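Subject: A structure for you to look at

Hi,

Here is the structure I promised to hand over. Have a look around first, then read my notes below with the picture open beside you.

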Amino acid sequence: MSYITKSPWVIHYDGSSCNGCDIEVLACLMPMYDVERFGIINTGNPKHADVFLVTGSVNEQNKNVVKQIYEQMPEPKVVVAIGICACNGGIFRECYNILGGVDTVIPVDAYVPGCAARPEAIIDAVVTGLGILEQKRQALASGELLKEPEPEAAVAAAEEEGKEEA
Ligand code: SF4
């Protein structure tokens, strides 16, 4: 992690998780795993955050909250989906009110499958995310802004591509 030039701050949002993954996120911050020793600090303010940690799936009730937190974070930023619910809806994906994983509403940079996700895997994904964050920071500094497609636009483009292939 020698490429890290500032302490990365994370913000954690529990979409609709059963709290299993949230406990594991908190374990990362507690003395046993102690990610604070790497300068990683948990903040409650999206405007101070570099890394967005999301647990639980996305539904009609929380989709705008997820979007608003993401939009309030300054560039560059990365998103980590924690637990299989956040990755694709998990065991709740067939429920009437579940839209799917976090990437149905915002771009996701790293996925941590598992039920619940283990702290080691969460830390590994955050470190992966920090590498991506640094790439985005360099791209911003060089004026080459990495413009990510809106999830809806990406889905529409993929559907259009599928139609053309058919
Ligand atoms: S992945 Fe498992 S532990 Fe995590 S929020 Fe979903 S059901 Fe709970």
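**What I found**

Let's start with one pair of residues: Val10 stands opposite Asn42 in E2. That pair belongs to strands E1 and E2 (residues 41-42), which are parallel and joined by two bridges. To get from E1 to E2 the chain passes through H1, and this β-α-β crossover is right-handed. Before you go further, keep in mind that this is a predicted model.

**The overall layout**

How many helices and strands does the protein chain have? There are five helices and seven strands. If you walk along from the N terminus, you meet them as β-α-β-β-β-α-β-α-β-β-α-α. The chain has 166 residues, and 36% of them count as buried. Take the contacts with a separation of 6 or more: 79% of those come from residues 24 or more positions apart.

**The sheet**

Five strands make an open sheet with parallel pairing, and the order across it is E2-E1-E3-E5-E7. E2 and E7 are at the edges with a single partner strand each, so one side of each has no neighbour in the sheet.

Now follow E3, which pairs with strands on two sides of this sheet order. With E1, E3 pairs in the parallel sense over five bridges. You can find Phe52 of E3 as the bridge partner of Ile11, and Thr55 of E3 opposite Asp14. E3 also runs parallel to E5, again with five bridges, and here Thr55 stands opposite Ile82 in E5.

Is E3 mostly covered or mostly open? Mostly covered: five of its five residues are buried. A bit of background helps here. In a regular strand, side chains alternate between the two faces of the sheet. In E3, Val51, Leu53 and Thr55 are on one side and Phe52 and Val54 are on the other, and all of these are buried, which leaves both faces covered.

**The core**

Next, try colouring the nonpolar residues. The largest nonpolar core has 39 residues, and the ones with the most contacts inside it are Val79, Val80, Ala81, Ile82 and Val102. Several elements each supply at least two residues of this core: the strands E1 (9-14), E3 (51-55), E5 (78-82) and E7 (110-112), along with the helices H1 (20-29), H2 (63-72), H3 (84-88) and H4 (119-141).

Val80 is a nice one to click on. Which residues does Val80 touch, leaving aside its neighbours within four places in sequence? Val80 is in contact with Val51, Leu53, Asp109, Ala110, Val112, Ala125, Val126 and Gly129. Two of those, Val51 and Leu53, you have already met on one side of E3.

**Around the ligand**

There is a ligand too, and 13 residues surround it; Ser17, Gly20, Gly83, Cys85 and Cys115 come nearest. H1 and H3 each give at least two residues to this shell. Sorted by class, the shell has seven nonpolar and six polar residues, and no charged ones.

**Some odd spots in the backbone**

A few places in the loops are worth a click as well.

- The peptide bond from Glu75 to Pro76 is cis, with omega near -5°. Pro76 is in the loop between H2 and E5.
- The peptide bond from Cys115 to Ala116 is cis too, with omega near -5°. You'll find Ala116 in the loop between E7 and H4. Cys115 also turned up in the list of residues that come nearest to the ligand.
- Asn19 isn't a glycine, yet its phi is positive, near 85°. Asn19 is in the loop between E1 and H1. Is Asn19 buried or exposed? Asn19 is exposed, because 12 other C-beta atoms lie within 10 Å, and a residue with 12 or fewer counts as exposed.
- Asp34 is another residue other than glycine with a positive phi, near 50°. Asp34 is in the loop between H1 and E2. Asp34 has 12 C-beta neighbours inside 10 Å, so it counts as exposed.

If you'd like a place to begin on screen, pick Val80 and light up its contacts, including Ala125 and Val126. After that, trace the sheet in its order, E2-E1-E3-E5-E7.

Cheers

Conventions:
Residues numbered from 1 in each chain as written. Predicted model: local features only at pLDDT ≥ 70, side-chain atom pairs only at ≥ 80, totals over all residues. Core = buried A, V, L, I, M, F, W, Y, C linked by C-beta atoms within 7 Å. Buried ≥ 20, exposed ≤ 12 C-beta atoms within 10 Å, placed from the backbone. Helix = DSSP H or I, 4+ residues; strand = E, 2+ residues; numbered from the N terminus. Contact = placed C-beta atoms within 7 Å. Pairing = 2+ DSSP bridges. Right-handed = clockwise from strand over helix to strand, strands pointing away. Near = placed C-beta within 6 Å. Nonpolar A, V, L, I, M, F, W, Y, C, P; charged D, E, K, R; others polar.
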